[in-house]
Amino acid sequence: MKYCQCLCILLCGFGFLPSNVSMAQNTYLETIDRIVENLEMSDDEVVLDDTYEDLLRLAENPLNVNTCTREQLEQLFFLSPYQIENLLYYRYSYGDLYTVYELQLIDGFDEETIQFLLPFIYVRKSELQSEGITLQNAFRYGKNQVLLRTDCTIQKKKGYTHLATDAQRYVGNPLYTQFRYRFSSQYLSIGVSMEKDAGEPFDWHYNKGFDFYAPYLFISSLWKFKHIALGHYKLNFGQGLVLQSSQRFGKSSLFSNTIYKEGISKSASLDESLYFNGLATTIGHKKLEITAFYSNTPLDGTLEYDLNNLLGLSSIKTDGIHRTENDFVKKNVARQMVIGGNIQYHFPFLKLGITGFSYSLDKPSFPSSKPYAIYEFAGKHYSTASIDYRARFHQFNVAGEMAIDKNGAMATVHTLSFQPISRFGLVALYRYYQPEYSSIFGNGFSQSSSTNNEEGFFMGTELLPFRKWKLVSYLDVFSFPWLKYLVNTPSRGYQGFIQATYTPTRNTTFFCQYKSTSKQRNVLLEEMATPMVNPYTKNEWRFQIDTNPFKHLHCKTGMHSNEYASQLNHPTYGFLLYQDVGYEFSSIPLLLNARYALFDAINYDNRLYAYERDVLYAFSVPMYYGQGMRLYVNVVYKPFPQLTWYAKFAHTWYADRNEIGSEGETIYGNQKTDIRILVNWKF
Amino acid sequence: MLFKRYVFCVFFLLSVFPIHASVMQQIENPRSLALGKSYVMLLDNNYALANQASASFLSSSTLALSYHNRFVVKELSSISARYSMPTPWMNVGFLYRFFGFSLYHEMIAGVSVAKALSSHFSLGAQVDYVSVYVSPEEGYLSAFVPQLGIIIKATPSVNLGIHAYNFTFANLQTSYQEEYLQPYLTAGLDYHMDQKVLLLAQIHKPLREESTLSAGIEYTIAPEVIVRTGMSLQQYLQPSFGVGLNIDVLQFDVGFQYHPVLGMSVSSGVVFIFGK
């Protein structure tokens, strides 16, 4: 029966899937762009550069669909638990897949899911899969990669000129430089990433060459050790209340909020604050997994003194930028040490976990005396622990975590997802994070950027009402029991979202979206001595058409608009209209992408964001604020199979100002031109 | 005197800057006016002011003449002409437009090219020489202005059009200030419900003005007779309607649009199709 089905699919399925299944790099970049853009379109201020990099690495090391585990599939966050379950069930029932075209036979795998999945998988018979690590096969089939990138802005910024004050003057040159080396095989990854931001010095006086280094060694499947990480690494456990270094996806990725890759992962990221540095390992024995880690990292911040006595750290700096003398005064002024672990036990349909860590600072931290900050972490020591669970029962998935910190403050989150049929799914989530709960390395589901001071209920649905149509919607109602930055009372709000995608042909997609957010914030009126808290509503609309008029050409037309309305002011509007064109030459290994965008968002509250194609490993979602136009051209040239050149030219022209930026970043003029070049060599 | 005041008021309402009065408002052919100013996705639009990419679908040479009048004020009239010629490589067009009266007038002379790169995608480009007579003191101000248009057949029944005007931000330099010729970007869709009914929707965004939403319906009663209606919404909702007649090698179009404050605008035109 299965052979008949396969034959039918093979005979008629070629019209459905891309003709070249072993996708070229350019094609998988396009798919990754679509995945990330889908996330960005829903949650424009979510930071996804880590996710983008993870997807690139997964595409470079695809999974064998016949041998991959549930845990590996969960890394592909666009797959729902139902789809993962169905894929595993299909493999269990019918044996190995013979071709990727067979994915169409699996219940719940719609066209978009298969298109998204293709760059990350391949099909090979399971018995051909090699086993365990040895010194020989650790290095066998490995790939080396060297990557060099440099960026610059053509216009001179104030920080590099004599107009800059001492506090604004940049010590280094205006070139951004990044270098990465990586060796990776199935079981072993060794690498180092280093960078110097624009304005940072490349010398031995302020820095040791580059400003930031991220070395790592990551070994998988060595005897009882599931993972060993040395150097930089990331930790994600449970629902992220205690430990989550990876960025969280937006609310519209409904099912990724219930499942997320857990455990240790390597960190080649150049984020200078979100990483652990030291040693971490996971030991697996049957259904038990034990993870232990130790990390010691430097911290940037401001030290406060009382006469000559050190009081401690008054603020922690996390932007990783060291351009001025003042930045170097704040660099590496303290060290943080973290030691902890996680224990997980896997029952057939249930996973239980315990996570905990102890955190020490070598200098005491004291928070701001502002009322909204009184619950922030203070002192030198801190510890927290949590219990998490995840269970499957028929079409139900439940997951949750309960955490308690050293001071007895609690945080809890519970999720239920239900997908009775492949065309309908529902997710409900409740969270309550006490204002007193401190979460230094946590990143739980929340409306705000921190995992504390929030209570809320989220409900979302995904529906495929007709063939070629997909609807995603959610409603999130939340409250903040204590004050927040720029909100001087406890406050509440909601966010509603609906998104429709229509794919009439495999080359054309229509996409429209509406999002409404209502919150409160301070407003200072002229006649009042103190600010009053005023509600506001922001409505956002997006419309996009994605089409491939012919084989090598890709066009995208997009329109974003928003309205910002409060009781005290007239509504203000923001508008962005853009056209993208991408062309892949057939005779030469050259790919071009270009965008022309016109934007009109005079008020900062109406600022808009739109994802744009960038060079490899660079994630770009520029903010459109003001009135003007933006043009960019992205070029990918692959003269040899091992060598790829990337270049980007971006020019922004403002009609409403004669000065761009502030402080040392000020450009005197109304135009900004950025150039970026990257060379990627694989051998 | 009263009449002059009226003309002044109309100019003032049209735009804060007098030289924006017409150069900014270029889409004024009779077919588009009847469709609520929807123009960007029309495939067979032969008039002077259109998406350049539409010319790539022409198989014969055409000459289109049109007259446009705003709000029944003689001084707010323009005439335009376009000659389009298919060649083996691409379609080439030449156009001319004149707007205004003795104290203020504008002239545009342009050349355009259009090519269908596939049966689903066509590209058009145009360069205009814009010359504006502002005042006896300032004399003529001029600039070269580029335009780019794309039409995509996204599905068998849906066409998508995009048109960018003055993306290089060409401007007219007066002695007292620099005036940008308002750049704009327009995008729109049409949907062929069947052979007789065409639905259109468009968004037009000039950089420093509010966007205009347009929608229209074109219904082919008989091969010779087409009726059109539509509306555009910026500050006011402006309904519009019009008729088209196809008689052998001639195509006549007339369109009307009503502005609730300023009144009626009318546009009429004729297209000669050579060698049909």
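Modeller: Quick bit of vocabulary before we start: pLDDT is the predictor's confidence in each residue, running from 0 to 100. What we have here is a predicted model, where local features need pLDDT of at least 70, side-chain atom pairs count only at pLDDT 80 or more, and totals for chains, interfaces and linings use all residues. Residues are numbered from 1 along each chain as its sequence is written, while chains are lettered from A and ligands numbered from 1 in the order in which they are written.

Biologist: Which residues of chain A have pLDDT that stays under 50?

Modeller: Chain A has a mean pLDDT of 86, with 91% of its residues at 70 or more. The stretch you want has 21 contacts beyond four places in sequence in the model, a contact being two residues whose C-beta atoms, placed from the backbone, lie within 7 Å. That stretch is residues 6–23.

Biologist: How many charged residues are on the side of chain A that touches chain B?

Modeller: The contact takes 21 residues from chain A and 20 residues from chain B. On the chain A side, 14 are nonpolar (Ala, Val, Leu, Ile, Met, Phe, Trp, Tyr, Cys and Pro) and 6 polar (the others, Gly among them). Charged means Asp, Glu, Lys and Arg, and the count there is 1.

Biologist: Why does T220(B) count as partly exposed?

Modeller: Leaving aside neighbours within four places in sequence, T220(B) is in contact with K196(B) and I226(B). A residue is buried with 20 or more other C-beta atoms within 10 Å of its own, exposed with 12 or fewer, and partly exposed in between, C-beta atoms being placed from the backbone. T220(B) is partly exposed because its number of C-beta neighbours inside 10 Å is 16.
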